[in-house]
Structures are given as C-alpha cells and as structure tokens.
Amino acid sequence: WFKPPFPARGGESLHVGSWRAAMRKGNPRSAGLSLVQKILQRHVVGGEGPVRTGQFVSLRPKHVLTHDNSYAVIQKFRALGAAAVRDPKQLVFALDHDIQNRSEANLRRYAAIEAFAQEQGVDFYPAGRGIGHQVMVEELYAEPGSLCVASDSHSNMYGGIGCLGTPVVRTDAASIWGTGRTWWRVPPVALVELVGTLPPGCSGKDVIIALCGMLNRDQVLNHAVEFTGDGVASLSVEDRLTIANMSTEWGALCGLFPADTVALDWWAARAALVGEARPGASALLPSAASRVGRAREVVEGLLARPLRPDEDVDYAQRFRLDLDQLTPLVTGGNTLKSAAPAGAGDRVKIHKAWLVSCVNARAGDVAAAARELQGKKVAPWVKLYVAPASSEVQAEAEQSGDWQVLLDAGAIPLPPGCGACAGLGAGTIEAGEV
C-alpha cells in the first residue's frame, strides 16, 4: 500500500493498493482465464486450447475502424495487390480528424475514401458525424463481448461497453482488409478493483487521472487492464468510456469493463434507437437493421450467459482504488504522471480551454459544463472551445438547452471531430499560451 502525494476529501489520504498476484502452485497454464483472454478466445483463428499470456495468436476482429488515415491504408492495401476487401461488413470508415480543413487536397482525400467505401460496400460516416470511436459505440459496432480494433490509439475506449478495443497500425489495418485477420501477442493482464462510489463533483475523468497520476511508473505499460469491483456498478457508461479511453495514456493496450447489466441496458437502449432516423444522426445505412438485430441477440445472450473471468486467474498485477476517497483532480503540463486536487496550489492564468475529444465530450460532459457556466461568462482573455464527440451528442445537448448555455457564456463551437485535440484546425494552442 502507498499514499499518493495529495490529500483526498476531508484531509484524508487517498489509498491505492497494489500487490502482485500470488504465484500459483503447479503448472501456471492450469490457471483460470481472464476476461481479456475469454474474449480473445472467441476471435482466435486456427488455434487450439485457451490463449495464454505471451502467445502469438491469429485473430479475426469483429470490426476494424479507420478514420482520415483510411486514405493511407487504401494505398497500403493496393500495394498488397488486393482488389477487394475480404469482408466489407468488418470495416468501418469515419472521417473525424482534419474535418475543418477545406483545402482542395484534403477534400480530394476525403472524396477518395468515400469512393473506395462505396466501391467496396463499406459503412462510411462523413465528416461532421463524429469521432470514429464514438460512432463505433453509438452505431452498435463495438459490441460487448467482442474484439474490435482501430488504426488509432484510443480504440481502448470500446472497453467501456465491454468490448475489447485495441489499436493496430495502418499496415495491420490493410492486412485485415485483405485477409480478415490480424495477430496479437497476448499481453499480461492487470486487474483494477474499484470500490465505493464517486463523490459529488467527481467523474470518470477523475478516476483515470488518479490512476495515471499515482500509478505513474509504467506499471501497466503494454498490459491489458480489466476493471472489476463493486464500484463498477455505480459508474455510468459515459464514465466507463472515459476511463477506458484514457487507459491509453496510462500505457495500457486496452481498458476493459465487464459487460454487466448497466452496459447491456445501455446497449439495448441504443438498439431501440439506431434502426430509426434520429436527431443528429446521418442517414440510415443499409446495415442498420442487421446491427440492431445483432445488438438484441448480444444482450439476450450475455444476460443468459454472462461473460466473466474465472475465479482463479493469475493476474500479472492487481490494484485497488477507493472511489469514495476521490476528489476532483487536475493534471497539467505535458504529462499525465501527476495529479492534484482542483483548486490546490497557485492560481494559473489560462488563455484557452477545451471541452472536446473522444475522452469526454459526450452529453453528460456538456451538461456538467453548462451547470457551471449557467448565467456566467467566459473570462474575456480566455477562449473556450467546445466540440461534441458526435452530431448526436450535439443534438441531445441542443435539445436539453445545455449547448445554448455554453454559447451564451461565450464558448466557441467547433464541429464534431478530433480537431484541436489532434492539433488540427481552430483552437490549437500557440506559443506562450496556457
């Protein structure tokens, strides 16, 4: 056990426990399977027996997402000599990074991606629909209990809904297009036990900032992380998506929550929406009906036969975080390896602020910001940029009135996409700014 370098609520210290999993006697290959391993097992191609840490396995992911980099992946795919993708239903394209760029060159790239999608029968989401990872969840691609990959580091986010999400490089994405398969070396698995409930004012962002800021010696670098404990049930799906998403910055290859009743209820609710026209969503794709049907099958199956880790798993590491002891946290500079209570230390004048990105620009985040800014104005020397995670998020925030609260306070709206978070378009930080 150790204490972090800052106090929690009430002057107490927030404790995070860390201990090595006890070594099993006998053959370690007789140990139980983790949730990560059980999901991988569902997607193994040509293997025999349960997957174990350190093994190289051939996998067929449920889906592979590419975004603006689809253009580069197309070039790699063609360089392989391939003419047609193996399984068009496996691929998802979503334009989200450089969507503010209206240059002729960028528009040509976007047009080429859309043309390839139409030619190959791939589901395509145009610029303005939202960040690809949010689309993967909203549109029922990153299904609980499955493996999905993306040519982007924040594919970890799918773990918030119980889907094992992990990144692949562009060359691997091209090979999946052609073969339907990729490979992975099964990583060591770390277990994070969450206990208690979040205090008022805290969110999933505080959970992952606490983990990044205190377990800051690369303890989970290149590990798969599973979240468990009674505290999980108290977390909303939005909080889980945030935590899973930023497990990337913690160094993990994935951040996986269980597909419990909270996740499955959310998935079922989405299934009731996705098959119909709805505010903010793009035109229904032909695959919508099959995705809805599949989502309902997944919910029914996992409710009847829950997917859980075995009781005798030899986790590489174990950590425990008491949610009751959290306080709203901030991290600063160019590293996430520190954390401090909000309001502690010297006040720092800022020039720009953002409510953007796939980690926390969902409707709940917009609502929280609106509560703080209701009837107030952004300081005249500050530019506050807001970009929703998706067009559906923006539509929901507009209907609730939260979006208008931010605009009335002086926030500068940006289109649904990565934008400034990826260093692209309006709102990027300039020299000398905080």
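Visitor: In this predicted model, at roughly what angle do the axes of H10 and helix H12 cross?

Guide: Two packed helices are described by the angle between their axes and the distance between the axes. Here we're looking at H10, residues 363-373, and H12, residues 402-409. Their axes come within 9 Å, and the crossing angle is roughly 45°.

Visitor: Are H10 and H12 parallel, perpendicular or oblique to each other?

Guide: Take the angle again: the axes cross at roughly 45°. Under 35 degrees would count as roughly parallel, and 65 to 115 as roughly perpendicular. The pair fits neither range, so H10 and H12 are oblique.

Visitor: And what is the hand of that crossing, left or right?

Guide: We've got the angle, roughly 45°, so now for the hand. As H10 passes H12, the crossing is left-handed.

Visitor: H10 also sits between two strands, so to speak. Which hand does the β-α-β crossover from E15 to E16 have?

Guide: Follow the chain: it leaves E15, goes through helix H10 and arrives at E16. Those two strands pair in the parallel sense, over 4 bridges. The crossover made along that path is right-handed.

Visitor: Which strands are at the edges of that open sheet?

Guide: Strands of a sheet pair through backbone hydrogen bonds, either parallel or antiparallel. This open sheet has 3 strands in the order E15-E16-E17, with parallel pairing. An edge strand pairs on one side only, and here the edges are E15 (352-355) and E17 (412-413).

Visitor: Which residue of E17 stands opposite Tyr385?

Guide: Tyr385 falls within strand E16, residues 383-386. E16 is joined to E17 by 2 bridges, and the two run parallel. Opposite Tyr385 stands Ile412.

Visitor: Back to E15: which residue in E16 is the bridge partner of Lys352, and which residue does the Lys352 side chain meet in a salt bridge?

Guide: On the sheet side, the bridge partner of Lys352 is Lys383 in E16. The side chain of Lys352 also takes part in a salt bridge, at 3.9 Å from N to O. That pair links strand E15 with the segment after E17, 78 residues apart. So the names are Lys383 for the bridge and, for the salt bridge, Glu430.

Visitor: Is Glu430 buried or exposed?

Guide: Start with its partner: Lys352 has 6% relative accessibility, so Lys352 counts as buried. Glu430 comes out at 52%, and the cut-off for exposed is over 50%. That makes Glu430 exposed.

Visitor: How far apart are the closest N and O atoms of Arg129 and Glu139?

Guide: Side chains of opposite charge can pair when their charged atoms come close. Arg129 lies in the loop between E5 and H4, and Glu139 in the loop between H4 and E6, so the pair ties together parts 10 residues apart in sequence. Both residues are buried. Their closest N and O atoms are 3.0 Å apart.

Visitor: Which other residue, at 5% relative accessibility, forms a salt bridge with Arg129?

Guide: Arg129 has a relative accessible area of 2%, so Arg129 is buried. The partner at 5% counts as buried too, and the closest N and O atoms are 3.0 Å apart. Both belong to a salt-bridge network that includes Asp123 and Arg270. The partner is Glu138.

Methods: Residues are numbered from 1 along each chain as its sequence is written. This is a predicted model: local features need pLDDT of at least 70, side-chain atom pairs count only at pLDDT 80 or more; totals for chains, interfaces and linings use all residues. Side-chain values use heavy atoms; hydrogens and water are left out. Two strands pair if DSSP finds at least two bridges between them. A crossover is right-handed if, with the strands pointing away from the viewer, the path from the first strand over the helix to the second runs clockwise. A salt bridge is a side-chain nitrogen of Lys or Arg within 4 Å of a carboxyl oxygen of Asp or Glu. Buried means under 20% relative accessible area, exposed over 50%, partly exposed in between (1.4 Å probe, protein chains only). Axes are lines fitted to C-alpha atoms, for helices over the stretch in contact, and angles run from 0 to 180 degrees between N-to-C directions. Angles under 35 degrees count as roughly parallel, over 145 as roughly antiparallel, 65 to 115 as roughly perpendicular and the rest as oblique. A crossing is left-handed if the near helix is turned anticlockwise from the far one by less than a right angle, and right-handed if clockwise.
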